[in-house]
Amino acid sequence: MKTTWYIARRFGELAIVFFGVTFIIYAMVFGLPGDPIASLGGDRPLPEAVVAQLRSEYHLDQPLWQQYLNYLANLFQGDLGRNFSGQAVADKLADRWPVTITLALTAWGIEVLVGVALGLWAGVRNGRWDDKLVLTGTILASSIPVFVLAVSAQLIFGVHLGWFPVAGASAGWPVSYLLPALCVAVFGLAAVARLMRGSVIDALNADYVRTLWAKGMRPRDVIGVHVMRNSALPVLTFLAIDLGYLLGGTVVIEGVFNLPGVGQLLFQSIRAHEGPTIIGISVALIIIFLIANLIVDLLHTVLDPRIRHE
């Protein structure tokens, strides 16, 4: 019963976040000064009759709150709307999602495997030279701007050494995705390693771990089962948030490596003032982000039963 109530409460909280965030984004795109229809003609203004027809077709002649309700009504029917050229936003996203999802999951996998392993190693070796090496390396990695890292990696490993393609996704996975995924993953990897290290150190200093050592339990079981399980909670939370960031925050990387993903589409839509496409991409990313957080919350109840009992 407590678990059911916990899940229901989380769904309610996520619904509030969804409606609040989507309305703010919608208001920022369509509520700010400026007429996106008038800008479609570029240097040659569109006829008034055409502008009036397009404004009516896209409900831009209605109050903002009514526009938002109309959008929600279509959204709950699976319709992300159409851009000002008449193309379905869902169709444009369907063409771009495979590239972005492949890039994001590759980078996320690198963060999980390398970041958790480095953090666990540094936590167990706390205060020694290899722990200090991990700390120094993660701080250095976090301090490099992403575009500098991406261009440098592209120049060194793509142009000079020829290990990876310079741009595009024609070579497929993993050849076309490994280098940009490494550039994306560096920052999250550093954060995961430091967070895992701190959690491991806290767990190793806990009373229950001292009791396990006193009982003569093998180090492999103490660290691999008990320490890892209790250290995973904050890392899981960060990884869920970071997955949402990876899916929506690859604009720079997709631009540098010319990958035709959602990030590149979002950048192009912002430049072209394509409000419906911007809203559609934002809503899709919000839904993914909220689902990822819900899954992590449910995993928390499995890893730490005290959460569902509270």
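**Exercise 1. Work out whether V166 is buried, partly exposed or exposed in this predicted model.**

Step 1: Look up the relative accessibility of V166, which is 35%.
Step 2: Recall the cut-offs: buried means under 20%, exposed means over 50%, and partly exposed lies in between.
Step 3: V166 is therefore partly exposed, because its value is 35%.
Step 4: Now place V166 on the chain: this residue sits in the loop that links α6 (146-160) and α7 (175-204).
Step 5: Look at its company on the surface. V166 belongs to a nonpolar patch with L155, I156, V159, L161 and W163. Together these residues offer about 560 Å² of accessible area.

**Exercise 2. Describe the surroundings of S142, starting from its helix.**

Step 1: Find the element: S142 is part of α5, a helix that covers residues 129-143.
Step 2: Check the exposure. S142 has 32% relative accessibility, so this residue counts as partly exposed.
Step 3: List the contacts beyond four places in sequence: S142 touches F187, A190 and R194.
Step 4: Compare sequence and space for S142 and V186. They are 44 residues apart in sequence, while their C-alpha atoms are 7.3 Å apart.

**Exercise 3. Summarise the protein as a whole, from its helices to its surface.**

Step 1: Count the elements: there are 13 helices and zero strands.
Step 2: Turn to burial. Of the 310 residues, 40% are buried.
Step 3: Take the contacts between residues at least 6 apart in sequence; 76% of them join residues at least 24 apart.
Step 4: Finish outside: the protein exposes about 16,800 Å², with 67% supplied by carbon and sulfur atoms.

Technical notes. Residues are numbered from 1 along each chain as its sequence is written. This is a predicted model: local features need pLDDT of at least 70, side-chain atom pairs count only at pLDDT 80 or more; totals for chains, interfaces and linings use all residues. Side-chain values use heavy atoms; hydrogens and water are left out. Patches are made of residues with over 30% relative accessible area and no salt bridge: like charges are joined within 9 Å, nonpolar side chains (Val, Leu, Ile, Met, Phe, Trp, Tyr) within 5 Å. Accessible areas come from the Shrake-Rupley method with a 1.4 Å probe; for residues, only the protein chains shown count as cover. A salt bridge is a side-chain nitrogen of Lys or Arg within 4 Å of a carboxyl oxygen of Asp or Glu. Helices (H or I, at least four residues) and strands (E, at least two) are DSSP runs, numbered from the N terminus. Buried means under 20% relative accessible area, exposed over 50%, partly exposed in between (1.4 Å probe, protein chains only). Contact means heavy atoms within 4.5 Å.
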